[in-house]
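Work through the exercises below with the structure in view. Try each task before reading its solution.

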Amino acid sequence: MKAVTMNRMMTRVPQLMMQTRKCSNLVNTHLENNGQIAVITLNNPSKLNALTEPMGDALISKVEEVKKMEDVRAAIVTGAGKAFSAGGDLDWLLARHRDTPESNIRIMQEFYQKFLVLRSLPMPVIAAINGPAVGAGLCLAMGGADIRVASKTARMGVTFTKLGLHPGMAATHFLPSIVGPQIAADLLLTGRLVKAEEALSLGLVARLGDCAVTVAMDLAKDICLSGPVSVRTLVQTLRDKQNVGLQEAYRVEATAQSICYPTKDLAEGVKALQEKRSPVFENK
């Protein structure tokens, strides 16, 4: 019996190692500017860098690594391939449709915080929006980064309501402070996509360029010329102001999403997106 158990364990070890390597590859990091700038890349381009729990775990791991790099003065987060992030994984959303409200409230709050772990970095974080940043993908850029820049071809939107879902990942907390309450209500309630030029005019992004990463790199290099201690303390001051009410926003949004998840409208919204058609909502 012991031999059989040991054989099973030995069979599982390579499988677990492969799963671990696969998860770790979902987020990559490298250094630029003589080790002063850390570039964090969401790395699942075939899925348009859709946010998943394994990717969130990988991001937590990479953030912990960057925290230990004493020479890093700025960080950039971007997406591999043609998208920044297309938002939540649709199969995962359907799993929430089948789950209980109590479970979803817990799961969603944990999910938000996996990705907004970027806020724990002691240096400024710049989101280089290289392509579509949609739903939770845009929320990552809003809540996880101190500054957002974008390519001229990028499109952005908090598209939750188009799926029949209440916004999450602190969208209702960060967006009003970035673009103002009225514009935030417009974007949140309609779930419409905006082009890069409109995003710039609204203040959703600070700068545009042909290549988002190049724009972010220029900005990061400029920040690196400022006093490191003053930058770190300033980042904390700015985030401390944003942190007021943040945990409550997580709770309120997760609760509202738990009400939406079991509805037929949510299932229809996800199915319509998968089938590339407009949803037909029935208020059910």
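Buried means under 20% relative accessible area, exposed means over 50%, and partly exposed lies in between. The model is predicted.

**Exercise 1. Is Asp186 buried, partly exposed or exposed, and what about its partner Arg192?**

Step 1. Take Asp186. Its relative accessibility is 28%. Asp186 therefore counts as partly exposed.

Step 2. Take Arg192. Its relative accessible area is 26%, so Arg192 is partly exposed.

Step 3. Join the two. Arg192 and Asp186 form a salt bridge, with the closest N and O atoms 3.1 Å apart.

**Exercise 2. Find the distance of the salt bridge between Arg277 and Glu275, and classify both residues**.

Step 1. The side chains of Arg277 and Glu275 meet at 2.7 Å, N to O. A salt bridge needs such a pair within 4 Å.

Step 2. Arg277 has a relative accessible area of 33%, so this residue is partly exposed.

Step 3. Glu275 has 43%, so Glu275 is partly exposed too.

Step 4. Now look at a network. Asp186, Arg192 and Glu198 are joined into one by salt bridges that share partners.

**Exercise 3. Which parts of the chain does the pair Asp146 and Arg239 link?**

Step 1. Start with the contact. A salt bridge joins the side chains of Asp146 and Arg239, at 2.7 Å from N to O.

Step 2. Place the ends. Asp146 sits in the loop between helix H5 (136–144) and strand E6 (147–151). Arg239 belongs to helix H10 (residues 228–243). The two are 93 residues apart, so the pair links distant parts of the chain.

Step 3. Check the cover. Arg239 has a relative accessible area of 3% and is buried. Asp146 has 26% and is partly exposed.

Step 4. Put the pair in context. The salt bridges come to 12.

**Exercise 4. Does the radius of gyration of the chain agree or disagree with that of a compact globule?**

Step 1. Get the expected value. A compact globule of 284 residues would have a radius of gyration near 19 Å.

Step 2. Compare. The chain has 20 Å, which agrees.

Step 3. Add the box. Along the principal axes, the C-alpha atoms fill roughly 60 × 55 × 35 Å.

Step 4. Add the burial. Of the 284 residues, 48% are buried.

**Exercise 5. How many helices and strands does the chain have, and what share of its contacts is long in sequence?**

Step 1. Count the elements. There are 12 helices and 9 strands.

Step 2. Take the contacts with a separation of 6 or more. Residues 24 or more positions apart account for 74% of them.

Technical notes: Residues are numbered from 1 along each chain as its sequence is written. This is a predicted model: local features need pLDDT of at least 70, side-chain atom pairs count only at pLDDT 80 or more; totals for chains, interfaces and linings use all residues. Side-chain values use heavy atoms; hydrogens and water are left out. Helices (H or I, at least four residues) and strands (E, at least two) are DSSP runs, numbered from the N terminus. Buried means under 20% relative accessible area, exposed over 50%, partly exposed in between (1.4 Å probe, protein chains only). The radius of gyration is taken over C-alpha atoms; the globule rule is 2.2 Å times the number of residues to the power 0.38. Contact means heavy atoms within 4.5 Å.
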